[in-house]
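Reader: Got a minute to go through a structure with me? I'd like to start with the overall picture and then poke at some side chains.

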Amino acid sequence: MSSNAEQMPEWPTAEHVPAEELARRQGVRPVASVDDLARPDLFESDEELDDFLADLYASRRANAA
């Protein structure tokens, strides 16, 4: 016995595009250096960074339980 809630919606099918092709289309390039990822001005203050890290650690602990 099945209900309407158990039925999967019919999604339009899309062509599968490999990740490499999507990256090429979007002009994405590999990271050449870790320095490319550095954003020293990401947080406006040390307090903002501390708040972010506290929230991050709390969410990780909540997911581990």
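Author: Sure, we can go from the overall fold to the helices, the side-chain pairs and the surface charge. Keep in mind that this is a predicted model.

Reader: OK, how many helices and strands does the protein have?

Author: Two helices and zero strands.

Reader: And what share of the 65 residues counts as buried?

Author: Just 2% of them. The protein exposes about 6,700 Å², and carbon and sulfur atoms supply 54% of that area.

Reader: Let's take helix α1. How many of its eight residues are buried?

Author: Zero. Helix α1 covers residues 19-26, and with no buried residue there, it lies largely in the open.

Reader: What does G27 do just after α1?

Author: G27 takes a positive phi there, about 75°.

Reader: Switching to charges: how many salt bridges come up?

Author: The count is two. In one of them R24 pairs with E21, with the closest N and O atoms 2.6 Å apart. In the other, the side chain of R25 meets that of E21 at 2.9 Å, N to O. Salt bridges that share partners thus link E21, R24 and R25 into one network.

Reader: Why can R24 and E21 reach each other along the helix?

Author: They're three residues apart in helix α1, so about one helical turn separates them. R25 and E21 are four residues apart in that helix, which again comes to about one helical turn. As for the chemistry, side chains of opposite charge can pair when their charged atoms come close.

Reader: Are R24 and E21 buried or exposed?

Author: R24 counts as exposed, at 56% relative accessibility. E21 is at 22%, so it counts as partly exposed; the cut-off for buried is under 20%.

Reader: New topic, aromatics. How many aromatic pairs are there in the whole structure?

Author: A search finds one. F43 and F52 make up that pair, with 5.3 Å from centre to centre and 40° between the planes, and it's classed as tilted.

Reader: How open are those two, F43 and F52?

Author: F43 is partly exposed, with a relative accessible area of 25%. F52 is also partly exposed, at 41%.

Reader: Last thing: which residues gather in the patch of negative charge?

Author: E44, D46, E47, E48, D50, D51 and D55 gather there, on the surface.

Reader: Where does D55 sit, and how exposed is it?

Author: D55 is in helix α2, which runs over residues 46-64. Its relative accessible area is 54%, so D55 counts as exposed, given that exposed means over 50%.

Reader: Great, that covers my list.

Key
Residues are numbered from 1 along each chain as its sequence is written. This is a predicted model: local features need pLDDT of at least 70, side-chain atom pairs count only at pLDDT 80 or more; totals for chains, interfaces and linings use all residues. Side-chain values use heavy atoms; hydrogens and water are left out. Buried means under 20% relative accessible area, exposed over 50%, partly exposed in between (1.4 Å probe, protein chains only). Accessible areas come from the Shrake-Rupley method with a 1.4 Å probe; for residues, only the protein chains shown count as cover. Patches are made of residues with over 30% relative accessible area and no salt bridge: like charges are joined within 9 Å, nonpolar side chains (Val, Leu, Ile, Met, Phe, Trp, Tyr) within 5 Å. A salt bridge is a side-chain nitrogen of Lys or Arg within 4 Å of a carboxyl oxygen of Asp or Glu. Lys and Arg count as positive and Asp and Glu as negative; His and the chain ends are not counted. The place of a charge is taken as NZ of Lys, CZ of Arg, CG of Asp or CD of Glu. Rings of Phe, Tyr and Trp (its six-membered ring) pair if their centres lie within 6.5 Å; planes under 30 degrees apart count as stacked, over 60 as edge-to-face and the rest as tilted.
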